Every structure is written in C-alpha cells, then in structure tokens.
Protein chains: 2
Amino acid sequence: MSNSTSPQALRAKIRSGEHSGNTSGFAAGYVQCNIVILPSAQANDFLRFCQLNPKPCPLIAMSNKPGDFSLPPLGNIDMRSDVPSYRVFRDGQLNEEVQDITSLWRGDLVTFALGCSFSFEEALLADGLEVRNVTDGVNVPMYRTDIDCNPAGAFAGKMVVSMRPFKAADAIRAVQICTRFPSVHGAPIHLGDPSQIGIADLGKPDYGDAVSVRDDELPVFWACGVTPQVALEAAKPPFAITHSPGCMLVTDLRNSQLAIM
Amino acid sequence: MSNSTSPQALRAKIRSGEHSGNTSGFAAGYVQCNIVILPSAQANDFLRFCQLNPKPCPLIAMSNKPGDFSLPPLGNIDMRSDVPSYRVFRDGQLNEEVQDITSLWRGDLVTFALGCSFSFEEALLADGLEVRNVTDGVNVPMYRTDIDCNPAGAFAGKMVVSMRPFKAADAIRAVQICTRFPSVHGAPIHLGDPSQIGIADLGKPDYGDAVSVRDDELPVFWACGVTPQVALEAAKPPFAITHSPGCMLVTDLRNSQLAIM
C-alpha cells in the first residue's frame with residue numbers, strides 16, 4: 001500500500017482489519033479527520049465548544065442524527081469500523097483501545113469529524129517549505145499553552161498547539177498558505193517567544209516528539225486537534241470514543257477542496 | 001482641509017499651490033502613490049526593475065507614452081503640478097525641490113506611479129491593529145537591508161524596508177491583511193531578528209524615525225518604496241524627478257480597490 005492508495009481502497013482495508021495503524025502519509029491529497037464520538041446528552045455542548053473554538057476544533061462534518069454511523073459528506077463511511085484504531089473513554093478515563101466499535105455502538109451516539117494538520121502540512125510541503133517533523137520522521141511536537149479555550153458546558157481547558165520551526169520568510173509564507181485552510185486549523189496562532197503562550201521548554205513537548213529549532217528559525221505555533229481531547233478529559237462524559245493518535249478517519253474530500261480561495 | 005477631503009479637491013489645492021506639504025492622513029480611503037519620472041532612454045530599464053522587484057516597487061500605473069503628463073487610470077491628473085513637492089535629480093544628485101515641474105517637463109518623460117504603505121496602514125488600522133508610527137505621529141522607520149534587488153540595466157541596489165512592531169498574533173493578522181494588497185508592498189518580507197536581513201540597530205533607522213519595540217513585540221518588515229530611490233541613486237540617470245518624501249500623488253483609486261480578494 002502506498003501513499004497513492006485511494007481513500008476508498010484504504011478504508012476497505014481498515015474496515016476489514018487489514019490496516020490498523022497510523023494513516024500518516026497514506027491516501028496523499030485526501031483529508032484525514034480527528035474523530036470524537038459522544039452520546040447525544042453531551043453532543044450539543046461539544047458542538048457549541050467547537051463553534052466557540054474553531055481554530056483548535058474545526059468541525060468538518062457531523063452525524064445527521066444520533067445513532068447514524070454514516071458521514072455522507074466525507075464518503076461512504078461506516079464510523080463503527082472505518083477508523084484504524086479507536087480509544088474508548090468511560091467517565092473521562094481511557095478504558096480500552098480497539099479496532100472496531102460495532103459492538104459498542106449505541107443509538108444515541110453522535111460523530112464529530114474535525115480537521116487535522118496533515119492537510120495543511122501537505123500544502124506547506126507542496127509549496128516547497130520544509131516541515132521539520134516530516135523531515136525527521138517523527139510526530140509533531142505539541143504543547144499545552146496557558147490560553148483558555150472558550151468553555152461550553154463541561155467542555156473547557158487550555159489550548160494545545162503544535163509547533164513547526166521556520167525561517168522568517170517561510171513563516172510568513174506558511175501564514176499565507178494556512179490562511180486558505182481555516183477548516184484544518186487555519187493560520188498559526190503564535191510565533192516566536194514560546195513563553196508568551198505559557199510554554200516553558202520547547203525541548204519538552206507535552207505530546208509528540210521534540211524537533212530542533214535552529215538559530216535562524218522561529219517556532220511557529222498552530223492550534224492543535226489534541227485540544228478537544230483535553231476538553232474531553234475535563235468534561236469526563238460517561239462515554240466517549242475518539243480515534244487513536246495518528247490513526248485518522250480517511251475521507252473522500254480532497255485537501256484542495258478545503259481551501260476557501 | 002480634513003482627512004475627508006476628496007482626492008479631486010485635494011489635487012485642486014495642490015495644483016494651485018495652496019497645499020504643498022505632506023499628504024499623510026489626507027483624502028482617507030484613497031490610494032497615494034510614490035512617483036518616479038524618467039526620460040524614455042532610462043524608462044524601459046526602470047520598468048524592468050519594477051517587474052523584477054515587485055515587492056519594493058509595485059507598479060500601479062505608468063504613462064501611456066513619453067511626454068504624456070496624464071495618468072488616466074488614477075484620475076484626472078496633471079503630473080506636472082499635482083504632486084505637492086518634487087525632487088529634481090541631475091546625474092543622480094538632488095538638484096532642487098520644487099512645487100511644480102511644468103517648466104521642467106520634456107517630451108521624453110515617462111511617469112511611474114508606485115504603491116505606498118499608507119494604503120496597507122489604513123487596512124491594518126481598520127482591523128483594529130495599532131500602527132506604532134501612526135500612534136506616535138512620526139515617520140515610519142526605514143532601513144537599508146543586505147538583500148540585493150534584482151538588477152535591471154543600471155538600476156540596482158539593496159532593498160529598503162519599513163518596520164512596524166506587533167505582538168505575534170497581530171503580526172500574523174498583518175500578514176493576512178497585507179497579503180490582500182500586493183500592489184502596496186504586500187505581505188511583510190521578514191519578521192523577528194533584524195540582523196538576519198543586515199540591520200544592525202533598530203534604534204538607528206536609515207530613513208524616518210525610530211519607534212519603540214516592546215519586549216512582547218516582534219519587529220515586522222515590509223519592502224519599502226524608498227528602494228527605487230536608492231536604485232535611482234545607483235543608476236545616476238542624467239535627469240529624474242520624484243515626489244518629495246511624504247508628499248505623494250493622491251489618486252481617485254480607493255484603497256479597497258487594490259485588494260486582490
């Protein structure tokens with residue numbers, strides 16, 4: 001299987017259990033989504049949380065109604081089997097990691113599909129920019145900031161950001177490129193001094209792997225899709241399912257279709 | 001006369017000699033242009049210099065033919081009298097500063113009207129950003145960098161930049177706003193460490209006035225319309241006329257009409 005696999009073919013392999021790992025680099029050119037699945041009792045507050053915090057939680061699609069495991073805008077999808085690996089949370093605690101949630105599916109579950117940085121990284125790479133975590137073959141470094149998200153019901157918490165280092169001219173170009181893609185976190189939220197957003201040590205990310213920042217580079221920070229997971233931990237809903245890190249929902253949407261211009 | 005003066009009324013006062021000073025803040029909302037007037041023998045090289053260096057030399061309009069002192073795309077303009085103050089150069093040396101060039105006009109002169117930072121400063125202010133040189137009521141600080149312009153014939157030299165300090169989030173917003181206006185220098189060319197573009201001391205601008213840069217701010221640098229003046233000094237054409245600093249050609253074009261989106 002290569003990065004030229006179609007999203008349909010990749011999802012078929014995921015559905016059958018043949019592919020159960022990371023989706024990074026697969027089905028190049030197509031949108032991959034962060035997934036949050038919640039009972040309808042918590043879904044409205046989470047929807048409002050997304051609307052209030054569009055940079056970390058850019059909502060691309062959601063269920064038409066509770067219990068519906070399709071997501072027609074994103075392709076012929078069965079949410080119970082089309083993510084390679086799921087995390088099941090009970091009362092906010094990680095309970096198990098599974099490759100299929102058909103046996104756990106309920107009539108009150110609502111799916112949220114959120115934009116992911118893979119899409120804008122592809123746009124940066126296509127423009128000739130170097131994306132350090134891609135060059136180094138590691139996970140992007142992510143940090144909890146001191147920036148409060150706008151709360152909605154029990155959903156609240158600090159914004160998590162991802163960091164990619166660039167020379168100044170490339171950082172400016174990255175702002176221009178990512179501005180075209182608001183549904184995959186959009187423009188960076190900060191650049192330069194990490195302490196201004198409550199990050200003490202770039203060498204010690206809270207999630208992912210550290211990358212080098214050279215003397216002539218600025219760290220550039222994007223709102224990150226781990227933010228809704230932190231809000232989930234805070235809200236402690238009785239039941240919730242997310243994708244496992246790096247194991248995304250691969251959709252039929254092309255990244256270029258997310259460009260607002 | 002206030003900032004709500006129409007460009008037509010302001011040009012009438014300039015033409016009659018009633019207004020002979022700075023145009024900053026007058027005819028708010030309308031494009032003001034840097035002016036370079038050259039004999040046709042040098043005009044083609046200068047035109048190519050603009051095309052090769054669009055960020056410091058964004059060409060908005062030029063004469064239809066040598067000797068023509070109108071500029072129809074910009075309004076009912078007489079280039080011999082409609083700039084408040086002109087600088088006349090002979091063999092690259094400043095020879096005199098005059099309010100009218102009717103007696104100096106020649107049948108071989110070609111006018112170039114270049115975009116000016118007043119337009120994007122207005123867009124930044126309209127978005128609620130603070131523009132330090134406007135707040136302080138001083139000229140923007142400008143610096144010669146170590147960035148070579150692309151040469152065209154005898155026209156060559158280092159790029160000059162203007163600097164405005166912003167907090168990181170506002171710097172990102174400024175990139176977004178200015179990207180919409182490529183014909184008035186467009187997005188910044190650098191931000192952060194000034195030494196990376198050959199600026200030794202922000203407190204000592206080569207042109208204009210120093211402004212404070214606070215601890216939580218980044219200096220943000222835009223390509224500047226003084227760059228073509230430096231190229232003129234290098235080329236030493238036998239004859240050339242420019243506007244005097246701050247005394248621009250006020251046009252009938254609205255700033256918003258320069259937005260590419």
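**Figure 1. The contact between chain A and chain B in the predicted model.** In this predicted model, 16 residues of chain A are in contact with 16 residues of chain B, two residues being in contact if their C-beta atoms, placed from the backbone, lie within 7 Å. On the side of chain A that touches chain B, α5 (168-179) and β8 (190-191) of chain A each supply at least two residues, and α5(A) gives the most, with 6 residues; helices (H or I, at least four residues) and strands (E, at least two) are DSSP runs, numbered from the N terminus. The residues of this side of chain A comprise 10 nonpolar, 5 polar and 1 charged, where Ala, Val, Leu, Ile, Met, Phe, Trp, Tyr, Cys and Pro count as nonpolar, Asp, Glu, Lys and Arg as charged, and the others, Gly among them, as polar. Residues are numbered from 1 along each chain as its sequence is written, while chains are lettered from A and ligands numbered from 1 in the order in which they are written. Local features need pLDDT of at least 70 and side-chain atom pairs count only at pLDDT 80 or more, whereas totals for chains, interfaces and linings use all residues.

**Figure 2. The rotation axis that relates the two chains.** A turn of 180 degrees with a shift of 0.0 Å along the axis lays chain A on chain B with an RMSD of 0.0 Å, the copies being superposed by least squares on the C-alpha atoms of residues with pLDDT of at least 70 in both. This is the relation of a two-fold axis. The same surface serves both copies, since 100% of the contact residues of chain A recur in chain B. Of the residues of chain A, A:Q176 comes closest to the rotation axis, with its C-alpha at 3.2 Å.

**Figure 3. The open sheet of chain B and the helix packed on it.** Four strands of chain B form an open sheet in the order β6-β7-β9-β8 with antiparallel pairing, two strands being taken to pair if DSSP finds at least two bridges between them. The edge strands, each pairing on one side only, are β6 (142-148) and β8 (190-191) of chain B. Strand β8(B) pairs with β9 (residues 218-223) of chain B over 2 bridges, and B:L191 stands opposite B:V220 in β9(B). Helix α5 (residues 168-179) of chain B packs on the sheet, where it touches β7 (158-166), β8 and β9 of chain B, and its direction makes about 15 degrees with that of β9(B); axes are lines fitted to C-alpha atoms, for helices over the stretch in contact, and angles run from 0 to 180 degrees between N-to-C directions.

**Figure 4. Strand β9 of chain B and its surroundings.** Because 6 of the 6 residues of β9(B) are buried, this strand is largely enclosed by the rest of the structure; a residue is buried if 20 or more other C-beta atoms lie within 10 Å of its own, exposed if 12 or fewer, and partly exposed in between, with C-beta atoms placed from the backbone. B:L218, B:V220 and B:W222 are buried on one side of β9(B), and B:P219, B:F221 and B:A223 are buried on the other. The antiparallel strands β7(B) and β9(B) are joined by 6 bridges, and B:V161 stands opposite B:A223 in β9(B).
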